[in-house]
Amino acid sequence: MTTEHTAQEISRLRRCVNDVASILELPAMWTEHDSSRVTTTLLDVLVRLLDLDFAYARTFDPADESPREWMRSADTSNRYAEAHDVGRALERYLSADTSMQGLRIANPVAEGTASIVVFHLGVQDRVGIFVAASRRSEFPTETERLLLQVATNQAAVALQEARWIEQREATVEIERTRTKAALQDSEERQMADSIPETIRLIIDSTPAHIHTALPDGYIDFFNQTWLEYVGLPLANIEGWNWTCAIHPDDVEGILKKWRAALAGGEPFLHEARVRRADGEYRWMLHHKVAQRDERGKIVKWYGASVDIEDRKRAEEEIKRLKEQVQRENVALREEIDKASMFEEIVGSSEALRKALLQVAQVAPTDSTVLITGETGTGKELVARAIHRRSRRSSRAFVSVNCAAIPQSLIASELFGHEKGAFTGALQRRLGRFELAEGGTIFLDEIGDLPPDTQNALLRVLQEREFERVGGTQSIRADVRVIAATNRDLKSAMSNGTFRRDLFYRFNVFPIEIPSLRERKEDISMLVKYFMDRYASKAGKTIRGVNKKSLELLQSYPWPGNIRELQNVIERSVIICETENLMVDKNWLTQESVKIQSLGRPLSEELVAREKERIEATLVETRGRVSGPSGAAAKLGIPRSTLDSKIRSLKINTHRFKTF
């Protein structure tokens, strides 16, 4: 459940970042477009992005007494429903008092109810109202509210700019018409002197911050709205003196951009902070375009500035949110990595945590790892966890149980063989090392490796190359080696059955996996884990474990470790007919388990038995080692292997020739 939750959280955060990116792309879509295009784009994008039931907008135009209304719905059959009807249903909720509040109302475009949130477009100059609605009761969430705030702030800026452009074009058209008429009639020509004053009154009455400049960049006009905003007369800021109202840190940048626009004739667009009349610096977006005559020569610059302080603050909040998302993303990814890396390694005991800490430390490296521990402790799970956390995780993980392969075939299994290398080698075969190229090879039970194979492995670890059986060409090996054993390799070295130099090559980073006896506090957690797994497979509902059964499991010494516990729980689930799991105590062997250093007496006993068997065979063959009737053939191992064992066990073959 933790892994699923964190994965869902990462997916949510990624969607949030993508939504933020989509919102920040809106200004590019609105550049040079009229207010209708700005509004419809805003509605279409937000309905799709936030999965809204509908979105409604109403804009105000000082030149037109009646407002304009738009509506978009997620229901395609109702997509272009009458905006006026929706606006009438929402009228009581459009006051300033309800701004940014979440309300639950009767859905005006469908059955049932809907949650709405109202945004007023513009801070000082109201240009319109926007309403977002969803049937979801939790709408809007904190993230949705932030996205809506950013989008509506940007829309307000675009609408104010579009309104100014429309007003400017209308004013220019009026001036052109009146001037033309004045030139045709002497009486109207006398009125020409009053036209500039009429236009000035229109421009001064608009809420936009309008200014004009001469072709050389000298700003010769600021409308009354601008002058009131900065609290200065025109004489103090005309020409190039306007820089006195710009934030000192922004002066160099805006001058450089303005001079570049003058030189190239390209539109000017720049953000800079302006000191308001009350002394507060606020971010403004400054936009200027050139007017050209019939020959393409610039005769005038027309500009407008819009207060974007709220948008900048929202962008800062978005930046903070994105940084937070990135930090949470990293933390969640690490949590998922840990959850997936140790998904089958269950427990929280100190002994297990110590081993898993070593796993986390060595996994990112390419170092050889030697995992030791009793049988059934989960050594292969640890090896797989190391591989999953390594740089080789995208490549193969090849597992080899050296004890399960006949000694005569182990070299061929690991290194491959050429065609005709031995009887039955009908074609070339790739070994496990070649199959693991670029990845990880896990050699389990390395204590059972024959001497010849130990020699070849030593070469791989030292020189990173090997040869196929029957081959002469050296093959490079880009493989990480993880080895494991339940044997006491130090005793094997003392007895001569395991090469000392090979042990030190394997033992670069040793990890000892604790037995289940050493982590009894994990037993209840393991029981729950295996119970849920096998109950799910069997289609049964088992809610808990019988108290006496759990006490029995916790007191048992578990000579077979986790593998034995797993088998007992699986058997219990199979026969369980109730919602409480019960364990039959007769399933648990009551032999006492002697805790000792990885079976040193067992190793000595095995060596002694091996020596007795070889000597008995040599007696039977009268000391003959090779040949069809030799000891090697009778034991079923290569002569070279038997010779190596005879030397390591210090057996004198000559004394058997007298029998």
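Two strands count as paired if DSSP finds at least two bridges between them. That definition is needed to read the two sheets of this model, which is predicted.

Start with strand 6 and strand 7. These two strands run antiparallel and are joined by three bridges. One bridge can be picked out by its residues: alanine 213 has isoleucine 219, in strand 7, as its bridge partner. Between strand 6 (209–213) and strand 7 (219–222) runs a loop, and leucine 214 lies in that loop.

Is leucine 214 buried, exposed or partly exposed? Its relative accessible area is 32%. Buried means under 20% and exposed means over 50%, so a residue in between is called partly exposed. Leucine 214 is therefore partly exposed. Together with Tyr218 and Trp240, Leu214 forms a nonpolar patch on the surface. The accessible area of these three residues together is about 240 Å².

Now widen the view to the sheet that holds this pair. It is an open sheet of five strands in the order 7-6-10-9-8, and its pairing is antiparallel. At its edges stand strand 7 and strand 8 (268–275). Each of these has a single partner strand, so one side of each has no neighbour in the sheet. From one strand to the next, the twist averages 25°. Helix 10 (residues 248–264) packs on this sheet, where it touches strand 6, strand 8, strand 9 (281–292) and strand 10 (298–307). The direction of helix 10 makes about 155° with that of strand 8.

The other sheet to follow is also open. Five strands form it in the order 12-15-18-11-19, with parallel pairing. Which strands are at its edges? They are strand 12 (397–401) and strand 19 (509–512), each of which pairs on one side only. Neighbouring strands in this sheet are turned by 20° against each other on average, with direction ignored.

At one edge, strand 12 pairs with strand 15 (residues 440–444) in the parallel sense, over five bridges. Here phenylalanine 397 stands opposite threonine 440, which belongs to strand 15.

Helices pack on this sheet too. Helix 12 (residues 350–362) touches strand 11 (369–372), strand 18 (480–485) and strand 19. Its direction makes about 155° with that of strand 19. Helix 13 (residues 379–388) touches strand 11, strand 12, strand 15, strand 18 and strand 19. The direction of helix 13 makes about 155° with that of strand 11.

Terms used: Residues numbered from 1 in each chain as written. Predicted model: local features only at pLDDT ≥ 70, side-chain atom pairs only at ≥ 80, totals over all residues. Heavy atoms only, no water. Patch = residues over 30% accessible without salt bridge, like charges linked within 9 Å, V, L, I, M, F, W, Y side chains within 5 Å. Areas by Shrake-Rupley, 256 points an atom, 1.4 Å probe, with all protein chains shown as cover. Salt bridge = Lys/Arg side-chain N within 4 Å of Asp/Glu carboxyl O. Helix = DSSP H or I, 4+ residues; strand = E, 2+ residues; numbered from the N terminus. Buried < 20%, exposed > 50% of the residue type's maximum accessible area, 1.4 Å probe, protein only. Axes fitted to C-alpha atoms, helices over the stretch in contact; angles between N-to-C directions. Contact = heavy atoms within 4.5 Å.
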